[in-house]
Amino acid sequence: MEKIKKRIVLLSRLKWLGLLLGAIMCIFTQPRFGDIWSVILGTAAGVGFMFICENEKKNIICDHVADDLHGALEKQGYRDVVFEIKIMKPGMIIRIFTIGTSEEDTVICNGAVVRQISRSWYREKVWITQLVSVRNEDEIDDTRKALDDELIEDFKKMKEEKKKNGKG
């Protein structure tokens, strides 16, 4: 866990090296390509490096969260699970599809997930957690679309509530 945190902090700091790399690209390409192209190339190099670091940071977080939650579910005896994790500005949206579990098993899985998240270092980063039971992997796409539609409706309601309360 500490190793993951250190790697995330390192990537967060390392991404700012992109500014230096972009400046170096700009300086060395200016004599050959002129001012405009050197600025374009330098900006592309710097932003590209920053983008790569941010994406890798997100990948590390998602992999760790999925492994951590999968381990908690395996302790309860549930191995056939698919994770989908999206990182957005407000936080992570974690979707867990349990394959072939009953309604009672889904409640047990939900409890294990909630306990694991509440004990984890990433609990402040979790925004929404959705746990759904599906019969087989073929149902995941349809269920994902239904969950997406449900989320969009919830976001619309939240936005309307903010407007009603005069906060939006």
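In the hairpin of β1 and β2, where four residues lie between the strands, Gly-91 adopts a positive phi near 155°. The model described here is predicted, and in it the two strands of this hairpin, β1 and β2, pair in the antiparallel sense over seven bridges, while β2 also pairs with β3, in the parallel sense and over eight bridges. The points below follow β2 and its partners into the nonpolar cores, and then turn to aromatic pairs, salt bridges and the loop that precedes α4.

**Strands and their pairing**

- Within the antiparallel pairing of β1 and β2, Val-82 has Phe-97 of β2 as its bridge partner, and on the parallel side, where β2 pairs with β3, Ile-96 stands opposite Leu-131 of β3.
- In a regular strand, side chains alternate between the two faces of the sheet.
- In β2, Met-92, Ile-94, Ile-96 and Thr-98 point one way, whereas Ile-93, Arg-95, Phe-97 and Ile-99 point the other way, and all of them are buried.
- The strand β2 is accordingly described as mostly covered, with eight of its eight residues buried.
- Phe-83 belongs to strand β1, which spans residues 81-87, and, when residues up to four places away in sequence are not counted, Phe-83 touches Ala-66, Leu-69, His-70, Leu-73, Arg-95 and Ile-96.
- The C-alpha atoms of Phe-83 and Val-65 are 9.4 Å apart in space, with their positions 18 residues apart in sequence.

**Nonpolar cores**

- The largest nonpolar core has 26 residues, and those with the most contacts inside it are Val-65, Leu-69, Leu-73, Met-92, Ile-94, Ile-96 and Tyr-122.
- Two or more residues of this core come from each of α1 (2-14), α2, β1, β2 (92-99), α3 (103-119) and β3, and α2 gives the most, with eight residues.
- Tyr-122, leaving aside neighbours within four places in sequence, is in contact with His-64, Val-65, Asp-68, Leu-69, Met-92, Gln-116 and Ile-117.
- A second, separate core comprises six residues, among them Phe-97, Val-132, Val-134 and Leu-147.

**Aromatic pairs**

- The count of aromatic pairs comes to two, and one of them joins Trp-121 and Tyr-122 in an edge-to-face arrangement, at 5.7 Å centre to centre and with 85° between the planes.
- Both Trp-121 and Tyr-122 are buried.
- Trp-127 and Phe-155 form a stacked pair, with 5.2 Å between the centres and 5° between the planes.
- Because Trp-127 lies in strand β3 and Phe-155 in helix α4, this stacked pair ties together parts that are 28 residues apart in sequence.
- Trp-127 counts as partly exposed at 32% relative accessibility, and Phe-155 counts as partly exposed as well, at 26%.

**Salt bridges**

- Side chains of opposite charge can pair when their charged atoms come close.
- The count of salt bridges comes to eleven, and a network of them links Glu-84, Lys-86, Arg-95, Asp-141, Arg-144 and Asp-148.
- Within that network, Arg-144 forms a salt bridge with Asp-141, the closest N and O atoms being 2.8 Å apart; because these two residues are three residues apart in helix α4, they are separated by about one helical turn.
- Arg-144 counts as partly exposed at 25% relative accessibility, and Asp-141 is partly exposed too, with a relative accessible area of 45%.
- Glu-54 forms a salt bridge with Lys-57, in which the closest N and O atoms are 3.4 Å apart; these residues are also separated by about one helical turn, because they are three residues apart in helix α2 (residues 17-75).
- Glu-54 and Lys-57 are both buried.
- The side chains of Arg-135 and Glu-139 meet in a salt bridge at 3.0 Å, N to O, and Arg-135 is exposed, with a relative accessible area of 68%.

**The loop before α4**

- Asn-136 lies in the loop between β3 (126-134) and α4 (140-164), and with a relative accessible area of 35% Asn-136 is partly exposed.
- A polar atom of the Asn-136 side chain lies 3.1 Å from the backbone nitrogen of Asp-138.
- Asn-136 and Phe-49 are 87 residues apart in sequence and 40 Å apart in space, C-alpha to C-alpha.

Key
Residues numbered from 1 in each chain as written. Predicted model: local features only at pLDDT ≥ 70, side-chain atom pairs only at ≥ 80, totals over all residues. Heavy atoms only, no water. Buried < 20%, exposed > 50% of the residue type's maximum accessible area, 1.4 Å probe, protein only. Polar contact = N/O pair within 3.5 Å; in protein donor to acceptor, adjacent residues only side chain to side chain. Salt bridge = Lys/Arg side-chain N within 4 Å of Asp/Glu carboxyl O. Contact = heavy atoms within 4.5 Å. Phe/Tyr/Trp six-rings, centres within 6.5 Å; stacked < 30°, edge-to-face > 60°. Core = buried A, V, L, I, M, F, W, Y, C linked by side-chain atoms within 4.5 Å. Pairing = 2+ DSSP bridges.
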